[in-house]
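Work through the exercises below with the model open. Each task is followed by a stepwise solution.

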Amino acid sequence: MADDDRQQWGGGNPPGNPEQPEQPVSPESAGRGRIRYQDESTTPREPTLAEQRARIAAEKRREEQHRAELAAAEAKTKRRRRIMIGGGATVGVVALVAAMYSASEISNEANASQEYCATDQSGQPGVRDQDQFCDENYVNSHQGYHSGGMFFMPIFLPGGGIGGYNSYRYAYTPAGVSAPPIGSPASGSSFTKPSGSTIKDSSGKTIQRGGFGINNKSGSSGS
């Protein structure tokens, strides 16, 4: 290049001249904007005391929660088992009582005593008569009367008037025995009302229930 040209640019190289030297780079600008990476050879940082305590506390909370869940599940299983056992026992007891009651009812029906009206002969059943002669309303409406468990029906004379009274009482057959026909001897029967036994009237209606409880449904008079 001519000397005149160098003088024009102040003694330096003009722009774009390959002979122009590079500007030096400072150490500050050389490290700016760079990212450092840890490789496998980098030693990991030890956790701080606060980090160690936080990690231990978290592990402890997880263990406590796990134990609580196990305890809750076990308690639920025990409650379900008790309910099932209690329910089964209740059903078993109810079924047993029902079976016993049914068997007792069948037995009581088969062994029921029968109540009927019979003449009183020196304190013993004599002959079976009409059941209405042991009905207080019927007896009173036919000039008779009732006293001490006995019914008295008048004996009308052919010419009029009353020639005395016939006495009647309720008689009871032995268990499982039917009442004799009207006019037949009341053999084997008693004026004593059986206690705790099922008793039926002559129509088959239950007037006293035995077995699991006695239920007197009749105003019948007996000793």
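**Exercise 1: the core**

Task: Which residues make up the largest nonpolar core, and which strands supply them?

Solution. Start with the members: this predicted model has its largest nonpolar core in eleven residues, namely Cys117, Phe133, Cys134, Val139, Phe151, Met153, Tyr168, Tyr170, Tyr172, Ile199 and Ile207. Next, assign strands. E4 (150-156) and E5 (162-172) each contribute at least two core residues. E5 gives the most, with three. Then look beyond this group. Another core of six residues lies apart from it, including Tyr116, Ala171, Ala186 and Phe191.

Now take one core member, Val139. Leaving out residues up to four places away in sequence, Val139 touches Gln132, Phe133, Gly144, Tyr145, Phe151, Phe152 and Met153.

**Exercise 2: the strands around E4**

Task: How do E3 and E5 pair with E4?

Solution. First, E4 itself: five of its seven residues are buried. Second, E3 (residues 145-147) runs antiparallel to E4, over three bridges. His146 stands opposite Phe151 of E4. Two residues separate E3 and E4 in a hairpin, and Gly148 in that turn has a positive phi of about 55°. Third, E4 and E5 are also antiparallel, over five bridges. Phe152 has Ser167 of E5 as its bridge partner. This hairpin has five residues between its strands, with Gly160 in the turn at a positive phi of about 110°.

**Exercise 3: confidence**

Task: Where does pLDDT stay under 50?

Solution. Begin with the chain: its average pLDDT is 78, and 65% of the residues score at least 70. Then find the stretch: residues 213-223 stay under 50. The model has 30 contacts for them beyond four places in sequence. Where pLDDT is low, predicted coordinates should not be read in detail.

Methods:
Residues are numbered from 1 along each chain as its sequence is written. This is a predicted model: local features need pLDDT of at least 70, side-chain atom pairs count only at pLDDT 80 or more; totals for chains, interfaces and linings use all residues. Side-chain values use heavy atoms; hydrogens and water are left out. A nonpolar core is a set of buried Ala, Val, Leu, Ile, Met, Phe, Trp, Tyr and Cys residues joined through side-chain atoms within 4.5 Å. Buried means under 20% relative accessible area, exposed over 50%, partly exposed in between (1.4 Å probe, protein chains only). Helices (H or I, at least four residues) and strands (E, at least two) are DSSP runs, numbered from the N terminus. Contact means heavy atoms within 4.5 Å. pLDDT is the predictor's confidence in each residue, from 0 to 100. Two strands pair if DSSP finds at least two bridges between them.
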